[in-house]
Amino acid sequence: REVAARGLEHVEPSIHHDQVTFERVAQPDDVELGMIQGLVDRLIEAAEVLDKEFIEEKSQCDAKITHSDIMHWGGGNVAGLIKDKAKDLGREHDEQFRARLESFYEAAKRKHSKDEVDQDSWRSDDVWSP
């Protein structure tokens, strides 16, 4: 919601007669941004408190943190997971990241003829001759 409210370009679904299409949208909403700005930080602070309580509870009863604790409940690292996700979401809107991603997409779209591929093939005799 914060990405949409800031007016950063993102993709939203649009339903037309049982067909879903996706459109790029970039429209700032100052009212929405005012309501939700800082909520992620508050969520991280709350997760840090819960992580601390979880670790203290496990250490008091000499219980080990199990695989299911880690996979399903975060294992005392929920705040770290949320921070990483927020960082990744912010990175997606970084200009340098977007430029590199766009160049990757352009390289993937580029078509090569069979002659170009065969000419620079790793099986070429030039590669294997001493």
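The exercises below, each with a worked solution, concern a predicted model of a protein chain.

**Exercise 1. Describe the overall make-up of the protein chain: how many helices and strands does it have, and in which pattern do they follow along the sequence?**

Begin with the count, which gives eight helices and two strands for the protein chain. Next, read along the sequence, where the pattern is α-β-β-α-α-α-α-α-α-α. Then turn to the surface: the protein chain exposes about 11,400 Å², and carbon and sulfur atoms supply 53% of this area. Of the 130 residues in the protein chain, 15% count as buried. Finally, consider the contacts between residues at least 6 apart in sequence, of which 40% join residues that are at least 24 apart.

**Exercise 2. Work out which residues Glu2 and Leu33 touch, leaving aside those up to four places away in sequence.**

First place the two residues: Glu2 belongs to helix 1, which covers residues 2-6, while Leu33 belongs to helix 2, which covers residues 30-36. Starting from Glu2, the residues touched are Leu33, Ile36, Gln37 and Val40. Starting from Leu33, the residues touched are Glu2, Ala5 and Arg6. Two C-alpha separations can be added to this picture, since Glu2 and Gly34, 32 residues apart along the chain, have C-alpha atoms separated by 9.5 Å, and Leu33 and Val3, 30 residues apart along the chain, have C-alpha atoms separated by 8.9 Å. As a last step, ask how well Leu33 is covered: its relative accessible area is 16%, which is under the limit of 20%, so Leu33 is buried.

**Exercise 3. Follow the chain from strand 1 to strand 2, and decide for Ser14, Asp18 and Thr21 whether each is buried, partly exposed or exposed.**

Take Ser14 to begin with, a residue of strand 1, which spans residues 10-16. Its relative accessibility is 14%, and therefore Ser14 counts as buried. Leaving aside neighbours within four places in sequence, Ser14 is in contact with Gln19, Val20, Thr21 and Glu23.

Move on to Asp18, which lies in the loop between strand 1 and strand 2. With a relative accessibility of 80%, which is over the limit of 50%, Asp18 counts as exposed. The backbone here deserves attention, because most residues other than glycine have a negative phi. Asp18, although it is not a glycine, has a positive phi of about 65 degrees.

End with Thr21 in strand 2, where a relative accessibility of 33% makes Thr21 partly exposed. Not counting residues up to four places away in sequence, Thr21 touches Glu12, Pro13, Ser14 and His16. Thr21 and Val11, which are 10 residues apart in sequence, are 9.9 Å apart in space from C-alpha to C-alpha.

**Exercise 4. Determine how helix 3 and helix 5 pack, and which residues meet in their contact.**

Two packed helices are described by the angle between their axes and the distance between the axes. For helix 3, residues 39-60, and helix 5, residues 78-91, the angle is about 155 degrees and the axes are 7 Å apart. Since angles over 145 degrees count as roughly antiparallel, helix 3 is roughly antiparallel to helix 5. Now list the residues on each side: helix 3 brings Val40, Leu43, Ile44, Ala47, Glu48 and Asp51, and these meet Val78, Ala79, Ile82, Lys83 and Ala86 of helix 5. Sorted by character, the residues of this contact divide into eight nonpolar, no polar and three charged.

**Exercise 5. Find how many salt bridges a search of the whole structure gives, and state which residue pairs with Glu48.**

The idea behind the search is that side chains of opposite charge can pair when their charged atoms come close. Over the whole structure, the search finds one salt bridge. Glu48 forms a salt bridge with Lys83, and the closest N and O atoms of the pair are 3.1 Å apart. Because Glu48 lies in helix 3 and Lys83 in helix 5, the pair ties together parts that are 35 residues apart in sequence. To complete the solution, check the accessibility of each partner: Glu48 counts as partly exposed at 37% relative accessibility, and Lys83, at 42% relative accessibility, counts as partly exposed.

Conventions
Residues numbered from 1 in each chain as written. Predicted model: local features only at pLDDT ≥ 70, side-chain atom pairs only at ≥ 80, totals over all residues. Heavy atoms only, no water. Helix = DSSP H or I, 4+ residues; strand = E, 2+ residues; numbered from the N terminus. Buried < 20%, exposed > 50% of the residue type's maximum accessible area, 1.4 Å probe, protein only. Contact = heavy atoms within 4.5 Å. Axes fitted to C-alpha atoms, helices over the stretch in contact; angles between N-to-C directions. Parallel < 35°, antiparallel > 145°, perpendicular 65-115°, else oblique. Nonpolar A, V, L, I, M, F, W, Y, C, P; charged D, E, K, R; others polar. Salt bridge = Lys/Arg side-chain N within 4 Å of Asp/Glu carboxyl O. Areas by Shrake-Rupley, 256 points an atom, 1.4 Å probe, with all protein chains shown as cover.
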